[in-house]
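Welcome! Take a moment to look over the sequence and the 3D view, then follow the points below one topic at a time.

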Amino acid sequence: MLRRIRALLVAGLTVSAAAVSPVHAETVGQVGVDWLGNDIKIDAVSDPKVTGVTCHVTYFDRSVIDRLKNGNWFEDPSNNSIACRQTGPIAIDDIDLSKEGEEVFRSGLSLIWKNLLVTRIYDKANDTLIYLAHSRQLTDGSAKMSITTVPLYGQSVTWKSGRPE
């Protein structure tokens with residue numbers, strides 16, 4: 001009975017993790033940083049509601065040797081960075097215009113406890129898209145973050161529902 005409950009729990013977590021992953025990232029770079037096999041990976045992420053913008057997110061990927069050496073087997077550090085740029089004509093779908101913004105991308109940094117998130121916020125006063133990369137942990141939040149902006153001022157931008165007033 002306990003095995004069945006565990007299997008259902010794992011299946012539920014897997015399904016829910018897949019359901020909250022808005023977009024897929026493509027690894028476009030990988031740089032080795034030490035003899036243990038640790039790497040810095042660079043992923044390209046396209047905003048699903050803003051075409052013409054590509055974000056590049058970096059994160060630290062721990063090797064098996066490092067995990068065995070230091071313990072803490074299931075977790076990668078929260079260190080990350082983001083840069084987003086216009087890579088084509090910008091077309092904006094119906095986006096969340098609230099101060100909390102909208103999650104664009106999520107990737108697990110541990111088995112179930114920590115995620116790397118990219119959140120998009122629209123700064124109406126400055127006509128700018130803000131992209132925030134940060135970690136979310138189940139128990140302890142992290143102050144490590146990175147931010148980038150894509151100014152829309154002077155750009156030919158197509159808004160699906162019209163420019164926000």
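Is D93 buried, partly exposed or exposed? At 31% relative accessibility, D93 counts as partly exposed, because that category runs between 20% and 50%. Keep in mind that this is a predicted model. The points below start with the strands, move on to a disulfide, and then turn to salt bridges.

**How strands pair**

- Strand β3 covers residues 50-61 and strand β4 covers residues 80-92; the two run antiparallel and are joined by nine bridges.
- To find a spot where these two strands face each other, look for V53, which stands opposite Q86 in β4.
- β4 also pairs with strand β9 (residues 157-159), this time in the parallel sense and over three bridges.
- Here you can look for A91, which has T158 of β9 opposite it.

**The disulfide**

- A disulfide is a covalent bond between the sulfur atoms of two cysteines.
- The count for this model comes to one disulfide.
- Its partners are C55 and C84, with a distance of 2.0 Å from S to S.
- C55 belongs to strand β3 and C84 to strand β4, so the pair ties together parts that are 29 residues apart in sequence.
- The torsion about the S-S bond of C55 and C84 is about 105°, so this disulfide is right-handed.
- Both cysteines, C55 and C84, are buried.

**A salt bridge between K160 and D93**

- Searching the whole structure turns up five salt bridges.
- One of them brings together the side chains of K160 and D93, at 3.4 Å from N to O.
- This pair links distant parts of the chain, 67 residues apart: K160 sits in the segment after β9, while D93 sits in the loop between β4 and β5 (102-108).
- K160 has 59% relative accessibility, so K160 counts as exposed, whereas its partner D93 is partly exposed at 31%.

**A salt bridge between R120 and E102**

- R120 and E102 form another salt bridge, in which the closest N and O atoms are 3.0 Å apart.
- R120 lies in strand β6 (residues 114-123) and E102 in strand β5; this pair, too, links distant parts of the chain, with their positions 18 residues apart.
- Both residues of this pair, R120 and E102, are buried.

**A salt bridge between D127 and R163**

- D127 forms a salt bridge with R163, and their closest N and O atoms are 2.9 Å apart.
- The two come from distant parts of the chain, 36 residues apart: D127 is in the loop between β6 and β7 (128-137), and R163 is in the segment after β9.
- D127 has a relative accessible area of 14%, so D127 is buried.
- R163 has a relative accessible area of 36%, so R163 is partly exposed.

**A shared network**

- Salt bridges with partners in common join D47, K49, E102 and R120 into one network.

**One more residue to find: S46**

- S46 is part of strand β2, which spans residues 39-46.
- With 44% relative accessibility, S46 counts as partly exposed.
- S46 and T87 are 41 residues apart along the chain, and 9.8 Å separates their C-alpha atoms.

Notes: Residues are numbered from 1 along each chain as its sequence is written. This is a predicted model: local features need pLDDT of at least 70, side-chain atom pairs count only at pLDDT 80 or more; totals for chains, interfaces and linings use all residues. Side-chain values use heavy atoms; hydrogens and water are left out. Two strands pair if DSSP finds at least two bridges between them. Helices (H or I, at least four residues) and strands (E, at least two) are DSSP runs, numbered from the N terminus. A disulfide is a pair of cysteine sulfur atoms within 2.5 Å. Buried means under 20% relative accessible area, exposed over 50%, partly exposed in between (1.4 Å probe, protein chains only). A salt bridge is a side-chain nitrogen of Lys or Arg within 4 Å of a carboxyl oxygen of Asp or Glu.
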